[in-house]
Amino acid sequence: MFNSKFGSVPKFYVRAPGRVNIIGEHIDYCGYSVLPMAVEQDMLIAVEPVKTHVLQLANTNPLYPDFSTSANNIQIDKTKPLWHNYFLCGFKGIQEHFGLSDLTGMNCLVDGNIPPSSGLSSSSALVCCAGLVTLTVLGMNLSKVELAEICAKSEHYIGTEGGGMDQSISFLAEEGTAKLIEFSPLRATDVKLPSGAVFVIANSCVEMNKAATSHFNIRVMECRLAAKLLAKHKCLPWEEVLRLEEVQAKLGVSLQEMLLITEDTLHSEPYSPKEICRCLGISLQELKTQILSPNTQDVLTFKLYQRAKHVYSEAARVLQFKKICEEAPDNTVQLLGELMNQSHVSCRDMYECSCPELDQLVDICRKFGAQGSRLTGAGWGGCTVSIVPADKLSSFLANVHEAYYQRSNRSLVPEKQSLFATKPGGGALVFLEA
């Protein structure tokens, strides 16, 4: 296909995997550790550097049109999250990191088997793949950690205010192990998953693109505002606080204590922008220009109590999950399942990032043998992840397929993309032609 598009052959190939977040939803951008693993599905790019300064991008999927632009004049349109813009994020991130202006062009053909808008991080995998492509073409070197941090930052060009989980696991993943990813400084620790269980991903078939809706960025702002109000209440320098984790670190207290402080400080009714200004002693203008992102300036209410409660309780569940995996008691799978179930309830009720189809799918998975099941990824659609005893896997897959996909005619989605068991896969790689 590369030859038919460009009339030449690729010089090298790059892959970057998608990921499933086992537990720790919507807390990476609040500064807390998460527990993902790479999936075997990935993005793949075939590359040929060229002498011109033109970047030519093509996709094996005809739904994604070809695109070309000058390598030295990268414009990323935040209003339309088109596929090529994710490539441009990774390209521009590397370009800006090294302060380069006169860049060589390249021909790239992109292929991927991560279901799009499914919460398995196809967009971040494309950003990471593009970053690694650009680095390789330039003949430069960076560590995996540096690459992950650059790609996490550069995805903000498309308007999503995410944390760094997706990019970190894409680069730092190793086959056979999940990772506890911690931030500031970024590091990854192996977490050995129980051998008697498998993780199964089920696609709700409801697509959700983070960059196309405001749900995601509103949650980021609600967490930021909650952090500022908690900091102000505790007489901390709230102006410089951006994340809920910073409040805990500055106070030097446990996550359980942060939950109590949240109960005491914030009320459960939504906050209006006016009330937030009153609490912080600032004007509406200052709130809009100094704190809120451009796409959240017109939001009328913010739920601060619910979002902070979710983040602090979810951060505690991640640490508990890792501890159970390390100690491996007899009922490990059951205990991990309970944590995943609690996580889903919190995502549904406190963070409000579920949807009826995800809730239905979680119920079906639990009914047919999952010890735990929860939404994974941003939510509002996308996938669930379930922990299933290995000896129940085949009956589980058959029953869930019938109950969720066949009965509602969702079986139109290719089965490999809708329901599959997964093992922890490896991270991003460059394949050089012999």
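These notes cover one helix, the nonpolar cores and the cysteines of a predicted model.

1. Helix α7 spans residues 244–251, and its buried residues are Leu244, Glu246, Val247 and Gln248. These buried residues pack against three helices: α6 (215–233), α8 (255–265) and α11 (304–327). After α7 comes Gly252, which has a positive phi, near 65°.

2. Leu244 also appears in the largest nonpolar core, a set of 127 residues. Together with Tyr312 and Phe321, Leu244 is listed among the residues with the most contacts inside that core. Apart from this core lies another, of 14 residues, including Ala202, Leu393, Val400 and Ala403. As background, nonpolar side chains in soluble globular proteins tend to be buried together.

3. Tyr312 deserves a separate entry. Setting aside neighbours within four places in sequence, Tyr312 is in contact with Leu244 and Val247 of the buried α7 set. The other contacts of Tyr312 on that basis are Tyr32, Leu230, Leu255, Met258, Leu259 and Thr262.

4. Zero disulfides are found in a search of the whole structure. For Cys347, the closest cysteine sulfur is that of Cys353, 4.2 Å away, and therefore too far for a bond; the cut-off is 2.5 Å between sulfur atoms. Cys347 counts as buried, because its relative accessibility is 0%.

5. Cys365 is likewise without a partner: its sulfur is 11 Å from the closest cysteine sulfur, in Cys383, which is too far for a bond. Cys365 has 1% relative accessibility, so this residue counts as buried.

Terms used
Residues numbered from 1 in each chain as written. Predicted model: local features only at pLDDT ≥ 70, side-chain atom pairs only at ≥ 80, totals over all residues. Heavy atoms only, no water. Buried < 20%, exposed > 50% of the residue type's maximum accessible area, 1.4 Å probe, protein only. Helix = DSSP H or I, 4+ residues; strand = E, 2+ residues; numbered from the N terminus. Contact = heavy atoms within 4.5 Å. Core = buried A, V, L, I, M, F, W, Y, C linked by side-chain atoms within 4.5 Å.
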